[in-house]
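Please read the following explanation with the sequence and the three-dimensional view side by side, moving from one residue to its surroundings and then outward to the chain as a whole.

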Amino acid sequence: MKGSGNGQGSTERKRRKQWDGKHRLRKWGNVRQTEGKQAGKPGRRQAPRVTVVIPNYEGEKYIEACLDSLCQGSLVPEIIVVDNGSADGSAEWIRRWMNRRNRKKCPSCRLVCFTQNKGFCAAVNAGIRLAKTEYVILLNNDTEVDRDFVKNLYLAIRKRKNAFSVSAKILSLHQPELIDDAGDLYCALGWAFALGKGKERTAYDKEAKIFAACACAAIYRKSIFETIGYFDENHFAYLEDIDIGYRAKISGYDNYYTPDAVAYHAGSAVTGSRHNDFKVYLSARNSIYLIYKNMPAAQILCNLPLLAAGVGMKALFFTGKGMGKTYLDGLAEGFRLSCSEKGKKQKVPFRAECLGNYAKIQLELWQNTVRRVTG
């Protein structure tokens, strides 16, 4: 099943624009940026209220459906695609897509091209910084979205003044009757896990607070990045969304899930499988770094027995899959990263005025441990 888009109302028709087929290139550090020019209809134009940032790496197979589903939505956003040095021709395809004259409805779209793969975090940070709107949606390139996806995420975060992020209901692209992610939780075992994974799509049909939004398909309040920092590029990929959600919670902001915004996710489109050496290594490394960054020493000591148990169980699990050494190597690299200068620079300093927030987080970590163990 794919995200659908049907006829547009008169308001959308007034905002309908066509590309004039021209673009310009300019240097931006070691980055090349392509901007599409728009020739709008005469009269006053309503600017998009949301920017969608799509990190792209080797996404030629999926990117067309992703972009087209956004264009068919009831609220058409600005789009910024950040290409991570793809060699599959997807960046060139996006340029052609931007310049098609026969597209009935196409938003303002920009393409930023890195000369090499800098990872998920660097890509989305570049897009977020370029965005001029109050809200930014992060969307994986291997997704398609429903017609009201952008609108419903926008409405969900607007009504919550203290919200940093709102996560969409993510269904499996290839098995749309099943949930892929209904918001992310983090527990005292040092594990992050997706709510609802593998359950029927009718489950998790109510809005709820979560630990962190899944950055595969979520909206963020841009101004809060200036307070808590952007995505930590030391992560490269994996657990970066848990990290930034954790930092938001330390500062007193909340993260939510809404079932009203629906995206369909292919999953592991680049890495190829749910468990592979690349993902296991980075996830293990980042799990140690995440703890070091966000937990004060006293909180680490408090959770140490459960954290040790979590590491032991994961080591046994991945050993059974023939990836035990990869997992242990990742853990070792996580300790090295935490002790390095670049790791220490990202450590979240303890603030006494946030003590109540730390207490709430700790209670949530224990509650989520029970939820994870009991299923």
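**A loop residue and its partners**

Leaving out residues up to four places away in sequence, Leu-239 touches Ala-192, Ser-283, Asn-286 and Ser-287. This is a predicted model, and the contacts described here should be read with that in mind. Leu-239 belongs to the loop between α6 (222-228) and α7 (240-250), and one may ask whether Leu-239 is buried or exposed. With a relative accessible area of 18%, Leu-239 is buried, because that value falls under the 20% cut-off for buried residues. One of its partners, Asn-286, stands 47 residues from Leu-239 in sequence, yet the C-alpha atoms of Leu-239 and Asn-286 are 6.5 Å apart in space.

A second buried position can be followed within a helix rather than a loop: Thr-369 lies in helix α12, which spans residues 355-374. Thr-369 has a relative accessible area of 10% and is therefore buried, again by the criterion of under 20%. When its neighbours within four places in sequence are set aside, the residues in contact with Thr-369 are Cys-187, Ala-188 and Leu-189.

From single residues we can turn to a pair of helices. How many degrees is the angle at which helix α2 and helix α3 pack? Helix α2 (residues 63-71) and helix α3 (residues 90-98) pack at about 30 degrees, and their axes are 11 Å apart. Because angles under 35 degrees count as roughly parallel, α2 and α3 are roughly parallel to each other, and their crossing is right-handed. On the α2 side, the residues that meet α3 are Ile-63, Glu-64, Leu-67, Asp-68 and Cys-71, while α3 contributes Trp-93, Ile-94 and Trp-97. Sorted by character, the residues of this contact between α2 and α3 comprise six nonpolar and two charged residues, with no polar ones.

These local views can now be set against the whole protein chain, which has twelve helices and 14 strands. Of the 375 residues in the protein chain, 56% are buried, and Leu-239 and Thr-369 are among the buried residues. If one considers contacts in the protein chain between residues at least 6 apart in sequence, 79% of them join residues at least 24 apart; the contact of Leu-239 with Asn-286, two residues that are 47 apart in sequence, is one example of such a pairing. As for the surface, the protein chain exposes about 16800 Å², of which carbon and sulfur atoms supply 53%.

Definitions and conventions: Residues numbered from 1 in each chain as written. Predicted model: local features only at pLDDT ≥ 70, side-chain atom pairs only at ≥ 80, totals over all residues. Heavy atoms only, no water. Axes fitted to C-alpha atoms, helices over the stretch in contact; angles between N-to-C directions. Helix = DSSP H or I, 4+ residues; strand = E, 2+ residues; numbered from the N terminus. Parallel < 35°, antiparallel > 145°, perpendicular 65-115°, else oblique. Left-handed = near helix turned anticlockwise from the far one by under 90°. Contact = heavy atoms within 4.5 Å. Nonpolar A, V, L, I, M, F, W, Y, C, P; charged D, E, K, R; others polar. Buried < 20%, exposed > 50% of the residue type's maximum accessible area, 1.4 Å probe, protein only. Areas by Shrake-Rupley, 256 points an atom, 1.4 Å probe, with all protein chains shown as cover.
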